[in-house]
Amino acid sequence: QLVAMREDLLEALHEDPWLAAVDADFRHLFGSWFNRGFLALQRIDWSTPAHILEKIIQYEAVHAITSWDDLRLRLEPADRRCFAFFHPALVGEPLIFVEVALTTEVPGAIAPLLGSGRVPVAPERATTAVFYSISNCQRGLRGISFGNFLIKQVAEDLKRELPSLTTFVTLSPLPGFCRWLAAQHGENGASVDAAIGPLLDPLRRTDWHRNPSKGLRDALSRAALRYLLDAKDPAGKPIDSVARFHLGNGARLERLHWMADTSEKGLG
């Protein structure tokens, strides 16, 4: 009930900023009640009760699960893992979950990991654990940190299970890149950045990604690097929420993957 109450409170904050004091109390209490000592890590697989699997489908926030068959492809093969944190006061309700692919190399795109025709990798041959999706499940717990603990514990557990794993990576989107790129054009249409402004015209076509030029690829890659390395919030942290989360928890930027997600959501 309290988690649901805070979800309503977060909506009301837009209308009444004075409620921020109440929200501060919620954050303080939830930070204690949902600390790492109370959280239970549970593997989610195809034998997990259906009501929890339904929650996984519902809460997946990065790469939508379109059907039960789609979910099965992410859970049943031997080279796939999914783990979630649960709290004893929220029975049957995952707090956060992460999906992992076991591979023999760092992948360059998401589609081959999720494709139905791929050939599974024997877990003992895998050298790389790819954390390709992490989703928070309870909007009422926004701002309460779980992801750092989840990823690090899963990495430790996988390493114990499969000593052949030597590389742990995230295949992460840049959810704020398009908005930042558009902002470089200026509110009045005048380009703030002469190198970035000309990119916007071809990007307005819905099919721009089907046959992009090398020049567009190079320019967008340079813009993405600027976005990741130079675009900061007032506190000096990356403005991209995903980059801020991973880099703040000890990860490093390894490489940029061109056209790694050509789904509608990935291109947006």
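Two strands count as paired here if DSSP finds at least two bridges between them. Keep that in mind as you open this predicted model, since the tour begins in its sheet.

**Stop 1: the sheet**

Select the strands and colour them one by one. There are 5 of them in an open sheet, ordered β1-β2-β3-β4-β5, with mixed pairing. At the edges you will find β1 (40–43) and β5 (167–170), each of which pairs on one side only. Look along the sheet to see the twist: ignoring direction, neighbouring strands are turned by 25 degrees against each other on average.

**Stop 2: strand β3 and its partners**

Now select β3, residues 96–103. With β4 (residues 128–136), β3 forms an antiparallel pair over 8 bridges. Show side chains and pick glutamate 99, which stands opposite serine 133 in β4. Then pick valine 100, whose bridge partner in β4 is phenylalanine 131.

Turn to β2 next. β2 and β3 are also antiparallel, here over 6 bridges. One place to see this is phenylalanine 85, which has isoleucine 96 in β3 as its bridge partner.

Is β3 buried or exposed? Buried: 8 of the 8 residues of β3 fall in that class, so the strand is largely enclosed by the rest of the structure. In a regular strand, side chains alternate between the two faces of the sheet. Colour β3 in two sets to follow this: Ile96, Val98, Val100 and Leu102 point one way, Phe97, Glu99, Ala101 and Thr103 the other way, and all are buried.

**Stop 3: helices on the sheet**

Add helix α4, residues 68–75. This helix packs on the sheet and touches β2 (80–86), β3 and β4, with its direction at about 95 degrees to that of β2. Then add helix α6, residues 147–161, which lies across β1, β2, β3, β4 and β5 and runs at about 135 degrees to β2.

**Stop 4: a pocket**

Switch on a surface and look for the second largest pocket, which holds about 180 Å³ of space. Which residues are closest to its centre? Select Leu102, Thr103, Thr104, Leu113 and Val121; the lining has 13 residues in total. The elements giving two or more residues to this lining are β3 and α5 (111–114), so to speak familiar ground after Stop 2. By class, the lining of this pocket has 7 nonpolar, 2 polar and 4 charged residues.**Stop 5: a cavity**

How many cavities of 30 Å³ or more are there? The count comes to 1. About 40 Å³ of space lies in this largest cavity. To find it, select Leu73, Arg74, Arg80, Leu113, Leu114, Gly115 and Tyr132, which line the cavity. Helices α4 and α5 each supply at least two residues of that lining. Its residues divide into 4 nonpolar, 1 polar and 2 charged. Leu113 appears in this lining and also among the residues closest to the centre of the second largest pocket.

**Stop 6: methionine 259**

For the last stop, go to the loop between α10 (241–248) and α11 (264–267), where methionine 259 sits. Most residues other than glycine have a negative phi. Check the backbone of methionine 259: phi is near 55 degrees, a positive value in a residue other than glycine. Methionine 259 has 22% relative accessibility and therefore counts as partly exposed, since the buried class ends at 20% and the exposed class begins over 50%.

Key: Residues are numbered from 1 along each chain as its sequence is written. This is a predicted model: local features need pLDDT of at least 70, side-chain atom pairs count only at pLDDT 80 or more; totals for chains, interfaces and linings use all residues. Side-chain values use heavy atoms; hydrogens and water are left out. On a 1 Å grid over the protein atoms alone, a cavity is a set of points where a 1.4 Å probe fits but cannot get out, and a pocket is an open set with protein on both sides within 12 Å along at least five of seven lines; lining residues have an atom within 4 Å of a point. Grid points are joined across faces, edges and corners, and a volume is the space filled by probe spheres set on the points. Helices (H or I, at least four residues) and strands (E, at least two) are DSSP runs, numbered from the N terminus. Ala, Val, Leu, Ile, Met, Phe, Trp, Tyr, Cys and Pro count as nonpolar, Asp, Glu, Lys and Arg as charged, and the others, Gly among them, as polar. Axes are lines fitted to C-alpha atoms, for helices over the stretch in contact, and angles run from 0 to 180 degrees between N-to-C directions. Contact means heavy atoms within 4.5 Å. Buried means under 20% relative accessible area, exposed over 50%, partly exposed in between (1.4 Å probe, protein chains only).
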